[in-house]
Structure formats: structure tokens, C-alpha cells
Amino acid sequence: MSRRTPDSLRSARWFAPDDLRSFGHRSRLMQMGYGPADWKDKPVIAIVNTWSDINQCHSHLRERVEDVKRGVLQAGGLPLELPAMSLSEPIVKPSTMLYRNLLAMETEELLRSHPVDGAVLMGGCDKTTPALLMGAFSMGLPCIFLPAGPMLRGNWKGKVLGSGSDAWKYWDERRAGNIGEREWIELEAGIARSHGTCMTMGTAATMMGIAEAIGMTLPGASSIPAADAGHPRMSADCGRRIVEMVWEDLTPARLLDRASFENGIAVAMAMGCSTNAIIHLVAMSRRAGHPIGLDDFDAASRELPVIANIRPSGDRYLMEDFYYAGGLPALMNRIAGHLQLDARTVNGRTLGENIADAEVHDEDVIRSPENAIYAEGALAVLRGNLAPDGVVIKPSACAPRLLRHTGPALVFDDYPAMKAAIDDPDLDVTPDHILVLRNAGPQGGPGMPEWGMLPIPTKLVKQGVRDMLRLSDARMSGTSYGACMLHCAPEAWIGGPLALLRTGDMISVDVPARRIHLEVDDDELARRRAAWTPPPPRYERGYGWMFNRHILQADQGCDFDFLETAFGAPVPEPDIF
């Protein structure tokens, strides 16, 4: 591979010319204590850091950025930290999904507007990984993703706790009267014991794994626990490697192709991934110019079993155990026959080369395909007159008896109405009902909040019911479990068929056949359609105004229509006059 020369560096446009404008650039660097030896003939590396005081997943990135800088300096580059929007999944309201595209835009424009030649992208909390990568893909500079890493296992009274998954489980027990206030406070203190992302196979772990699977992290980086000493070492490795990537001009366009994203799908299925993987990976692929769709996920789910025994699809282990068992390289080695091994990765080697010697150290954590957790992939896409553009379910995490079911709908138009009704002891509901929440999609939420794991009605919880079919145009947390049908498209807010559903209507669900059907005749649906009126605009100004006018539907990845690389011209470099 031919190497770039110093005069061809992008940063040289700012610093190299002998003119007044470049004098201003250089003098301002000197104002901050830098000298010509710091930047002359050296790659300038942006470190996009999504740390904040209220982002628990990224609370260690303030220290890790120093490790990245150390690596950049060792390799002969100049590191510059560029803070970016921090999306704290449990804290930001109404939903971090409302702001994923805003972070993607910020990342792209940070890189475009500054004198940088490459980037290390630091993140891991749910929407941060896809946002950083989407923005970096659109900008097109050499980049490497540094995963924040999962937190340590939770603990309560000697029991191992998994973030999210055990919260839902024990909340039902609290609602049933089986857990008191003191024990509940102990659970709060024990379920999240260190910095890092959720340590279940939620959206954070899923997306960090996908980032590695498509070739955008160093081998094994996505599995390292945030508190492990290997994490700062990996961070320094990222700093060293990005400098070489700049000299090699190893951009996303030279790394990524359709095979990269097909590998992402395959690995997601084998991991027992979050349902959110579909939305984010679709959006990332479209930004990269190699679009994939729901049918690609469903086809992969027919072929790839779930072999990571990690909650919530698994029944016992967490991401810390996954790392000790060999991590993602070991899992990919187990499904190598389903991967395109010649796909390129950021370390300059192929995926096949990276995983060739990977070993599984615990056969119960990373199973063989013959001893899978679930015989098919983690996700399935259903279609029918209620969801012509698809609805997603995670069959590996729901009760098998519900994979084929017909029952009456119990419909809620908004979350407050649903929340109020769920605890009503006189609610007319049975285990055969299908709970429905609508107007919670990309526009209706707004931002498609994680409301899709509708709580089981309290009267049923007290009867021992722990799962039932639920349907929504919302998303759900990747740490959730249960028979939840999500991302129903088109959403109800814009007049999708879900808007026409009424309480008492019968819905038939057949997951093996990939079918969902509203048992109402076409003439009646046409009458309901004629009577439907769209809701009033939610935003009249600001970011929300732009969001609602340009957000795509769930099956298209919920990106903004004007940002998709696959369908738009590249943005030129900024002029320097």
C-alpha cells in the first residue's frame, strides 16, 4: 500500500502555507503552548470524546483520552481532543434516539471543520456508537472506534445481577409484593457497580460488537470490560494505530463494503443481539453507501443460531464472562463459515486473519452451533396488513408458547394512558390479550422511545403471568426480554395501519411464518382510514421541527433523509481563504 507524504496531509492545508491565514493558525497553536515540532509533517488526530459528568457509561473516558493521546504521541502524531454531545441512555429525555442523528451531524462537522487527518471515536452508550460511526463515515477520514466497554457484573445477596434485565425481573416482583423497599434500595446499589456500559447483551454491547464485526475496532476491543487494565492498553493501541491509518489513507470507503455489514448482521444474530441493532446497522450501512435492509436480517436469522449465552437471550452469563471466555473473536471463529473473511479491518488485516487463532475458553458461555442457546437467530421480521414495512421481534428472549398466537388487542394511544391502566385491578385483560401501544414511533414518541416492553398488567403479575404478546411502534431496551413486537412500520402517528386498530380486534401472530395479521376486513379498514385524522404538529421550531420533517421510518434506519450517503453527493472540503 502506498503511503501518504506530509505535504498531502489534510491538516497541512491549515498549517503549511506561507501566508497570513496559516500564520494565524500556527500562532494560535503556539498560544496554547505548542511549537512547530508538535505539528510539522505530523498527522493531526481528532479524539472525539463523548464523556460527560452525567454519562455513567462514559465516566472513565476522561482518563482514557489520555491513554489515546499517549499512543498518538508515541506514533508521531498530534492528538487533539474534541468533546462531542454525550448521550446518557437512562437520563436523556424523551429518548436518546431523538438525538442520535444530531450527534452524527456534530461528529461529521467537527471532523470537517477542524485541521485533522484522522479520528479516534470514543463511545459505547447505546446511540453513541452508531452516531459516531455514521458521522465519521459521512466525513470519510481514517477513523477507529474505541469501545467504552461493559461494566462489571452486578451483585445482590450473592446473586449476579444484569443491568436492565434484572431490573425488569425484580420490578415485577416488587409490583407483586414480593420485594420490600429496603431490598429494592439494595438492588439499586448493586446492579451497576462500575463505570462502563450495560453488561448484558443490550444495545450498548450489541453495537460495540457490531463495530468490531464490520472492522472498525481493533480485534477483541469490543469485549474488554471498562474496568479491566486491558482497556487503557487498548486505548493507547488505538492512538498508535490511527496515526498509521492516516499514512496508509485507510478510510472507511476503502475498508467497508456490503460484506462488512453482512458480517455485522451475522455476528449480531449469533450474539443474541438487541432489537435496536436493526435500526442502527441499517442507518450505518446507508451512510456508508452499502445499504442493507430488514430482509437481510431475517434471512440471516434463518441460518445463524444464538451461541452467546449472555442475558437476556442467555440464561446465566454477562459480558465480563464473555470476555473471559474469549470475547468476540472467539465467537466469530465459531461462526466463521457464515462470515466473509476477506473483509478488511482497521488494523490492516482481514477479519479472517484476525480471528484465525481465537479460542473459546468456556464452552457454556460461547456455545458451539450444535449446542446453541437458540436454534435460529436472535431477531425475526414479521409482515402483514398491520405492519406492511415490518415489525421486529426477539424470539430468543420470549416464551415459546407465544410464537404462534391469536388474541384480542388492548390498545393504548399514549404512554400515560397505558401506565395508568396497567395498575388498575379492574382492567379487562387476560393473558391472551395483545397489549398495544401506538403513537410512540420516530415522530410519535417523539424519537421512538424504549417503551415497547409494555409492563404486564399488575393483576396478571399477581396471578404469576410473566410474559404476553405486546405490539408497538416504539423500541425497547436491548436488556429487555419478552414477546414484544417492535418498530411497527409505518408508525401510527403518520397514519400507518396501527392507527386503525381498535381494542377487541383480533390479531394473529405466527413468528415461524413471519406473519402478523389484523383480522379485520378491508372494507372496515377503509372506513376507519377515511375517519382517521392526523395529530397536530408536535414541534413548531428548533431541532424537533427539523427532526419531524426529515426523520425516516424504522425500516429505513431512522436517519435524516438529507444525510444518507447512499443517496447524496459528498460535501466538499471547507475553503480556506
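**Exercise 1. Overall build**

What radius of gyration does the protein chain have, and what would a compact globule with 577 residues have?

*Solution.* Keep in mind that we're working with a predicted model. Start with the expectation: a compact globule with 577 residues would come out near 25 Å. Next, take the value for the protein chain, which is 24 Å. The two agree. For the extents, the C-alpha trace spans about 80 × 55 × 45 Å along its principal axes. Finally, count the elements: the protein chain holds 21 helices and 14 strands.

**Exercise 2. Inside, outside and charge**

Work out what share of the protein chain is buried, and then look at its contacts, surface and charges.

*Solution.* Step one: 60% of the 577 residues count as buried. Step two: take the contacts with a separation of 6 or more; 76% of them come from residues 24 or more positions apart. Step three: turn to the outside, where the protein chain exposes about 21,600 Å². Carbon and sulfur atoms supply 52% of that area. Step four: add the charges. There are 59 positive and 73 negative ones, and their mean positions lie 3 Å apart.

**Exercise 3. A strand with two neighbours**

Find strand β10, residues 434–437, and say which strands it is joined to and how its faces are covered.

*Solution.* Begin with β9, residues 404–412: four bridges join it to β10, and the two run parallel. One pair to look for is L410, whose bridge partner in β10 is L435. Now go to β11, residues 470–472. Three bridges join β10 to this strand, again with a parallel run. Here L437 stands opposite S472. Last, check the faces of β10. I434 and V436 sit on one side, L435 and L437 on the other, and all of them are buried. Both faces are covered, then.

**Exercise 4. Two cis peptide bonds**

Locate the cis peptide bonds that precede P312 and P490, and place each proline in the chain.

*Solution.* Take P312 to begin with. A cis peptide bond joins R311 to P312, with omega about 10°. This proline belongs to the loop between α14 (294–303) and α15 (319–324). Then move on to P490, which a cis peptide bond joins to A489; omega is about 0° here. P490 is in the loop between β12 (484–486) and β13 (506–510).

**Exercise 5. Positive phi values**

What is phi of R514 and of C558, and are these residues buried or exposed?

*Solution.* For R514, phi is near 60°, which is positive even though the residue isn't glycine. You'll find R514 in the loop between β13 and β14 (515–518). Its relative accessibility is 10%; the cut-off for buried is under 20%, so R514 counts as buried. For C558, phi is near 60° too, and again the residue isn't glycine. C558 lies in the segment after α21 (542–550). At 3% relative accessibility, C558 counts as buried.

**Exercise 6. A covered helix**

How many of the eleven residues of helix α9 (203–213) are buried?

*Solution.* Go along α9 and check each residue: eleven of its eleven are buried. Among them are M207, M208, I210 and E212. There's a general point to weigh here: residues three or four places apart in an α-helix point the same way, because a turn takes 3.6 residues. Then step just past the end of α9, where G215 takes a positive phi of about 100°.

**Exercise 7. Two residues and their surroundings**

Describe the setting of G162 and then that of F562: place, cover and contacts.

*Solution.* G162 is in the loop between β6 (159–161) and α7 (165–175). With a relative accessible area of 0%, G162 is buried. Leaving out residues up to four places away in sequence, G162 touches A167, I191, M199, T200, R311 and L318. R311 is the residue joined to P312 by a cis peptide bond. For a long-range check, G162 and T479 are 317 residues apart along the chain, with 8.4 Å between their C-alpha atoms.

Now F562, in the segment after α21. At 42% relative accessibility, F562 counts as partly exposed. Beyond its neighbours within four places in sequence, F562 is in contact with M105, M546 and H550. The C-alpha atoms of F562 and V282 are separated by 16 Å, with the two positions 280 residues apart along the chain.

Key. Residues are numbered from 1 along each chain as its sequence is written. This is a predicted model: local features need pLDDT of at least 70, side-chain atom pairs count only at pLDDT 80 or more; totals for chains, interfaces and linings use all residues. Side-chain values use heavy atoms; hydrogens and water are left out. The radius of gyration is taken over C-alpha atoms; the globule rule is 2.2 Å times the number of residues to the power 0.38. Buried means under 20% relative accessible area, exposed over 50%, partly exposed in between (1.4 Å probe, protein chains only). Contact means heavy atoms within 4.5 Å. Accessible areas come from the Shrake-Rupley method with a 1.4 Å probe; for residues, only the protein chains shown count as cover. Lys and Arg count as positive and Asp and Glu as negative; His and the chain ends are not counted. The place of a charge is taken as NZ of Lys, CZ of Arg, CG of Asp or CD of Glu. Two strands pair if DSSP finds at least two bridges between them.
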